[in-house]
Amino acid sequence: MNPRLRHWREAASVLLAAGTPGRQSPSALWPCDYELLFLQRSSRSGFMPSAHVFPGGLVEAADFSAEWLRLLPAAPRCGLGAVRPPPPGSSRAPLFATNRQQLGSPLPGEVAFRICAIRETFEEAGILLLAPGGRPREGSGPAPSLPAEQLLPAAELGEWRRRVQEDPACFLQLCKHLGCVPDIWALQEWSNWLTPVDRAGRGGRRYDTAFYLCCLETRPPHTSQDDQEITAFLWSSPPEAIERFKSQEIWLAPPQFYELCRLCNFSSLNDLHTFNSDRALEGCERWLPVTLTAADGFIQLLPGDELYPEDPDYTGEKKITMSTDKMVEDLMKEDGSRFRSPLLL
Ligand SMILES: Nc1ncnc2c1ncn2[C@@H]1O[C@H](COP(=O)(O)O)[C@@H](OP(=O)(O)O)[C@H]1O
Ligand SMILES: CCC(=O)SCCNC(=O)CCNC(=O)[C@H](O)C(C)(C)COP(=O)(O)O
Ligand SMILES: [Mg+2]
């Protein structure tokens, strides 16, 4: 078995952004013309119960099925643009760089992870991110998105959703039935996060998650939680979501919080899309947060932070823990940490 896979379960997640033209921004300080989809996990979940996350989940064998190659365009990487080779001395995040053919998978990882994120978005939120079949979608702007309710009557769509939840292979059957394909071209690489060693879920599970960004040119599509894994949904602009987190109305794990802070650099959906169309060509680094236990709380260190270890313990086998007698606030002053307020873990 690939040693990497012993430690992490491969997963994909999508930051789904939709335009809100004309909507009065709730904060004059933080105007924003788009919202993001958050899903609240069940309180019974074995990993991050009740947290607000982006749609996503484990990659399934069906996401790597050779049958997708009959539906998707025959172009290299199914028409996905090539990511620039990493500069000398650095490497592409292993999740994206792994040679899937050597592992016996006919589909490149960059295609299969996108299919996974799109399938999970349908299962968890009832949103179908599809494009007409046959050839890569044209145009480089935000994705037009086909409204699911125009593709199928609601009852039929609900039945397909139930089938896909039971058997991920049914997602391919649904696409065939509709003459559509997962809109893999609308998903751009955004980031790659490893679950920290000390934050593993029930049974020690840790995830290696590909995060994608998908900007829809339309308003937020019809959304409905599955009432199983997901108990509620929320469309919110990044600054609003941060306010909700600070007031403890919602709880976000550090990766989601960090990504929201990055998104606050963009008040316009078009600017965000344009920025990431270029940035995505650079590929992603794999980030492992490392916990530093302070006298009065915890800090999650990230690559680039002064205190981030040079050789982080990726697997937890070295049993290295980091602790200090200092207070969180003092550490943050010293370190010039990117987080302006302590995270409540
Ligand atoms: N009613 C429910 N309550 C809590 N968790 C649920 C659930 N139905 C499904 N799940 C969990 O949701 C996860 C599936 O997520 P996804 O499809 O996004 O990968 C599984 O978690 P585990 O992986 O912990 O078993 C599954 O057990
Ligand atoms: C304090 C708690 C933490 O810091 S845990 C860090 C959790 N974040 C991650 O592991 C990275 C991103 N993970 C996710 O977005 C989700 O966990 C998921 C999409 C992998 C969930 O998968 P599921 O199969 O349970 O839906
Ligand atoms: Mg999930």
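# Ligand sites and selected residues in a predicted model

In this structure an oxygen atom of ligand 2 lies 2.9 Å from an N or O atom in the side chain of E229. The model is a predicted one, and the account below starts with ligand 2, then turns to ligand 1, the magnesium ion and a few residues elsewhere in the chain.

## Ligand 2

The contact with E229 has counterparts at other residues. The side chain of R41 places an N or O atom 2.7 Å from an oxygen atom of ligand 2. Y207 has a polar side-chain atom 3.4 Å from an oxygen atom of ligand 2. On its own, ligand 2 would expose 640 Å², and the protein buries 93% of that area.

Ligand 2 is surrounded by 19 residues, and the closest of them are R41, F47, T195, E229 and Q256. Three elements each give at least two residues to this shell: β4, β8 (207-216) and α9 (254-263). As for the site itself, ligand 2 sits in the largest pocket.

How many residues of α9 are buried? In α9, 8 of its 10 residues are buried, so the helix is mostly covered. These buried residues are P254, P255, Q256, F257, Y258, E259, L260 and L263. Q256, listed there as buried, is also one of the closest residues to ligand 2.

## Ligand 1

The space taken by ligand 1 is likewise described as the largest pocket. Which elements give two or more residues to the shell around ligand 1? They are β4 and α4. The largest share of this shell comes from β4, with 3 residues. By name, the residues around ligand 1 are S42, R44, G56, G57, L58, E120, E124, R205, Q228 and E229.

The table sets out polar contacts of both ligands.

| Residue and part | Ligand atom | Distance |
|---|---|---|
| S42, polar side-chain atom | nitrogen of ligand 1 | 3.5 Å |
| L58, backbone N or O atom | oxygen of ligand 1 | 3.0 Å |
| Q228, polar backbone atom | nitrogen of ligand 1 | 3.3 Å |
| R41, side-chain N or O atom | oxygen of ligand 2 | 2.7 Å |
| Y207, polar side-chain atom | oxygen of ligand 2 | 3.4 Å |
| E229, side-chain N or O atom | oxygen of ligand 2 | 2.9 Å |

Taken alone, ligand 1 exposes 570 Å², of which the protein buries 67%.

## The magnesium ion

Ligand 3 is a magnesium ion whose protein donors are G56 (O), E124 (OE) and E229 (OE), at 2.1 to 2.2 Å from the ion. Along the chain these donors follow the spacing G-x67-E-x104-E. G56 belongs to strand β4 (residues 56-58) and E124 to helix α4 (residues 109-125), so this pair ties together parts that lie 68 residues apart in sequence. Are G56 and E124 buried or exposed? Both G56 and E124 are buried.

The donors also appear in the ligand surroundings: G56, E124 and E229 are among the residues around ligand 1, and E229 is one of the closest residues to ligand 2.

## Residues in loops and in helix α10

Two residues that are not glycines have a positive phi. For R77 the angle is about 50 degrees, and for D227 it is about 60 degrees. R77 is placed in the loop between α2 and α3, where it is partly exposed with a relative accessible area of 32%. D227 is found in the loop between β8 and β9 (230-236). Why does D227 count as exposed? Its relative accessibility is 53%, and exposed means over 50%.

G81 also has its place in the loop between α2 (68-71) and α3 (94-97). With a relative accessible area of 55%, G81 is exposed. From C-alpha to C-alpha, G81 and A66 are 20 Å apart in space, while in sequence they are 15 residues apart.

T274 is part of helix α10 (residues 269-279). This residue counts as exposed, at 53% relative accessibility. A polar atom of the T274 side chain lies 2.8 Å from the backbone oxygen of N270. An α-helix has 3.6 residues a turn, so residues three or four places apart point the same way. T274 and R77 are separated by 197 residues in sequence and by 22 Å in space, C-alpha to C-alpha.

Methods. Residues numbered from 1 in each chain as written. Chains lettered and ligands numbered in written order. Predicted model: local features only at pLDDT ≥ 70, side-chain atom pairs only at ≥ 80, totals over all residues. Heavy atoms only, no water. Donors = N, O, S within 2.8 Å, 3.2 Å for Na, K, Ca; no water. Helix = DSSP H or I, 4+ residues; strand = E, 2+ residues; numbered from the N terminus. Buried < 20%, exposed > 50% of the residue type's maximum accessible area, 1.4 Å probe, protein only. Near = heavy atom within 4 Å. Polar contact = N/O pair within 3.5 Å; in protein donor to acceptor, adjacent residues only side chain to side chain. Areas by Shrake-Rupley, 256 points an atom, 1.4 Å probe, with all protein chains shown as cover. 1 Å grid on protein atoms, 1.4 Å probe; cavity = no way out; pocket = protein on both sides within 12 Å on 5 of 7 lines; lining within 4 Å. Sits in = over half its atoms within 2 Å of the grid points.
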